[in-house]
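Here are a few notes from going through this one, set out as numbered points. Have the structure open while you read.

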Amino acid sequence: MTIGRAPEADVALSWDPEVSRTHALLERVGDRWTLIDDGLSSNGSFVNGARVSGRYRLADGDHMCFGNTVITYREPAQAGFDETVRRTDQPVLVPVTDTQRRILIALCRPVNESAFASPATNRQIADEVFLSVDAVKAHLRVLFDRFEIRDLPQNEKRAKLAATALLNGVLTVRDF
């Protein structure tokens with residue numbers, strides 16, 4: 001399957017000018033799907049924030065990024081396809097204070113503007129929300145706990161927090 005901006009692409013992302021006409025391929029290999037980016041695109045393809053060069057075997061929940069468009073890969077159900085499972089409970093929204101929301105917005109602003117950007121630094125956040133760097137660090141520690149990402153390596157926490165806030169609707173376009 002082709003992914004691209006061209007209308008004839010199997011997964012057409014025609015609204016995103018940063019997506020190449022033919023950007024990448026999805027190929028079924030055995031019982032798994034693989035993302036293939038062999039340099040077809042100008043801006044590259046990313047999975048969970050890392051650039052793909054060649055082939056990447058997808059796992060349930062992987063976030064693929066093409067241009068400014070993020071697509072979440074979901075494994076097909078293994079059981080019967082004719083049954084629909086009814087949701088029994090509503091998704092749990094992570095509560096955040098007004099200050100934590102302002103910190104999340106500042107953290108995510110660069111990522112929201114370009115999928116290739118890194119989340120804002122503590123200094124950038126502090127300058128935007130008028131707090132000390134130590135106060136920003138303290139709030140981020142609480143957010144890491146609330147979003148249950150405290151056990152990730154330090155260099156992954158900020159990116160995961162930004163991705164989670166943007167992809168799960170904690171922040172919306174109106175916040176920016």
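**Cores and salt bridges**

1. Keep in mind that this is a predicted model. Let me start with a pair late in the chain: Asp145 counts as partly exposed, at 40% relative accessibility. Its partner Arg150 is partly exposed too, with a relative accessible area of 40%. Their side chains meet in a salt bridge, 3.8 Å from N to O.

2. That pair is one entry in a longer list, as a search of the whole structure turns up seven salt bridges. Glu128 and Arg109 make another, at 2.6 Å from N to O. This one links distant parts of the chain, with Glu128 in helix H2 and Arg109 in helix H1, 19 residues apart. Glu128 is partly exposed at 33% relative accessible area, and Arg109 is partly exposed at 25%.

3. Asp60 and Arg74 also form a salt bridge, their closest N and O atoms lying 3.7 Å apart. Here the link runs between loops: Asp60 sits between strands S7 and S8, Arg74 between strand S9 and H1. Arg74 is exposed, at 54% relative accessible area, because the cut-off for exposed is over 50%. Asp60, at 45%, is partly exposed.

4. Now the inside. The largest nonpolar core has 22 residues, and Leu104, Ile125 and Phe147 are among those with the most contacts inside it. Helices H1, H2, H3 and H4 each supply at least two of its residues. The largest share, six residues, comes from H1.

5. Take Leu140 as a way in: leaving out residues up to four places away in sequence, Leu140 touches Ile103, Asn122, Arg158 and Leu161. Apart from the largest core lies another, of twelve residues, including Ile3, Leu13, Val19 and Ala24.

Terms used: Residues are numbered from 1 along each chain as its sequence is written. This is a predicted model: local features need pLDDT of at least 70, side-chain atom pairs count only at pLDDT 80 or more; totals for chains, interfaces and linings use all residues. Side-chain values use heavy atoms; hydrogens and water are left out. A nonpolar core is a set of buried Ala, Val, Leu, Ile, Met, Phe, Trp, Tyr and Cys residues joined through side-chain atoms within 4.5 Å. Buried means under 20% relative accessible area, exposed over 50%, partly exposed in between (1.4 Å probe, protein chains only). Helices (H or I, at least four residues) and strands (E, at least two) are DSSP runs, numbered from the N terminus. Contact means heavy atoms within 4.5 Å. A salt bridge is a side-chain nitrogen of Lys or Arg within 4 Å of a carboxyl oxygen of Asp or Glu.
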